[in-house]
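Here is a friendly walk through the model in front of you. Keep the 3D view open and follow along.

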Amino acid sequence: MRPYAMRRRITRVLEGAIVSNMFFEPSTRTRVSFGSAFNLLGGQVRETTEVKSSALAKGESLYDTARVLSGYSDVIVMRHPEPGSVAEFAQASRVPVINGGDGPNEHPSQALLDLYTMRQEMAGRGRGLDDLRIALIGDLKYGRAVHSLCKLLGLYKNVTLHFVSPPELDIPPDIAAELKAKGHRIESFHELEQGIHDVDILYVTRTQEERFPSQQEADKYRGLFRLNQSVYTQHCEPNTVIMHPLPRDSRSEAQELADDLNQNPNLAIFRQTDNGVLVRMALFALVLDVVEQVDDHAKPVTWFTAKRREAL
C-alpha cells in the first residue's frame, strides 16, 4: 500500500464501492484517515458524525440501523460510546463492519497502526518486537487504544510492560492477567520517573475525560504525568521512541506530552498518524478481498509534484 498511501501511484481497485463512516463520538484522525484510505483505493465515502443527525436520535435500534445502512454500503466503519455496540451492530449488518472504537473497550485499528509503527521504529535499530520493553503511561483504565495494543503485544515473545498510571486508572486486571499468563513481565508504577527507565518505547495517553462520571473527577488526573524534554533526557535511554495515539491534550493544565519534544527525532507521533492511512488501506483491501488486484488497477500520478513528494 505504501506507493499509493504516499501518492506515488494511483489505484482504483475499489472504484464504485462505498464505505459508510458512522462516528457517534468525536473523531479527527480515525474518521478522516479511514475516509482517506478508502478514497485512495478509489472508493467513495459517506459519513454520519453525530447521533443527533441519525435516526438513532428518533429511537431507531442499532439492529434496524445496521440492516438499512448495510444496504447502502459495501463496508461500514463505526465508532460508538457504548462498549460492545459495534459487535452488536455487526451482527445485524449485511456487509463487513470495522470497529473504529467502542467506548472504553477497544480500538483495534489504532492498535494495528501502533504495532506497525513500533515495528518500523525498532527495525531502524536492528530490532524486532520480541523482547520489547514498553512503558504505557496515563489513563490505562479507560484508554481503549492501550487495551487493544496490549492484546497484540501479547502475541510476541518476552515483552516487558511498565504500566504507569494513577492507582485509580490502572490497567484492567483481566488484561494484565492475560499478559502474565503468556509469560510477559508486568510492572506497575505510580510515578512517571520510575516507570520510564529501561524501556525502548514510551506510549503516552491522555486522560479520557469523556469516560468519567463528572468533569470534576476527570480534572483530578489531568496533568499528573507530564513528559517533556528535560524529563526525557534525565530518565530515558537514548533513542527511546515516544508514541501517543493522539489527540494529545496540549492545554496548559494537561501537557502530557510537551511541545518542547516536537523537534526530538524520537517523537514518532506524526509517523503514527501517517501510518494510520497505510494500515487502514490494507484493512479495506483485506476485508474486501482485493489485495491481489490493487496493482492491476494502478496508474501514474499526474498531479503530484516532486516538491510535494519530498514534503511527504
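## A parallel sheet and its surroundings

Strands β4 and β5 run parallel and are joined by four bridges. Helices (H or I, at least four residues) and strands (E, at least two) are DSSP runs, numbered from the N terminus, and two strands pair if DSSP finds at least two bridges between them. Before going further, please note that this is a predicted model, in which local features need pLDDT of at least 70 and side-chain atom pairs count only at pLDDT 80 or more, while totals for chains, interfaces and linings use all residues. Residues are numbered from 1 along each chain as its sequence is written, and side-chain values use heavy atoms, with hydrogens and water left out.

On its other side, β4 (residues 75-80) is joined to β2 (residues 18-23) by five bridges, and these two strands also run parallel. The table lists some residues of β4 with their opposite numbers in the neighbouring strands.

| Residue in β4 | Stands opposite |
|---|---|
| Met-78 | Met-22, its bridge partner |
| Arg-79 | Phe-23 |
| Met-78 | Asn-99 in β5 |
| His-80 | Asp-102 in β5 |

Putting the strands together gives an open sheet of four, in the order β3-β2-β4-β5, with parallel pairing. Because β3 (44-48) and β5 (97-102) stand at the edges with a single partner strand each, one side of each is left without a neighbour in the sheet. On average, neighbouring strands here are turned by 15° against each other, direction ignored; axes are lines fitted to C-alpha atoms, for helices over the stretch in contact, and angles run from 0 to 180 degrees between N-to-C directions.

Two helices pack on this sheet. Helix α2 (residues 29-40) touches β2, β3, β4 and β5, and its direction makes about 180° with that of β2. Helix α4 (residues 85-92) touches β4 and β5, its direction making about 160° with that of β5. Contact here means heavy atoms within 4.5 Å.

How many residues of β4 are buried? Six of the six are, so β4 is largely enclosed by the rest of the structure. Buried means under 20% relative accessible area, exposed over 50%, and partly exposed in between (1.4 Å probe, protein chains only). In a regular strand the side chains alternate between the two faces of the sheet. In β4, Val-75, Val-77 and Arg-79 are buried on one side, and Ile-76, Met-78 and His-80 are buried on the other. For β5, five of the six residues are buried, so this edge strand too is largely enclosed by the rest of the structure.

## A look at Glu-187

Now turn to strand β8 (residues 185-189), where Glu-187 is found. Glu-187 is partly exposed, with a relative accessible area of 25%. Leaving aside residues up to four places away in sequence, Glu-187 touches Leu-161, His-162 and Phe-163. Phe-163 is 24 residues from Glu-187 in sequence, but their C-alpha atoms are 6.1 Å apart.

## The whole protein

Stepping back, the protein has 12 helices and 11 strands. Its C-alpha trace spans about 55 × 50 × 40 Å along the principal axes. Of the 312 residues, 52% count as buried. Residues 24 or more positions apart account for 75% of the contacts with a separation of 6 or more.
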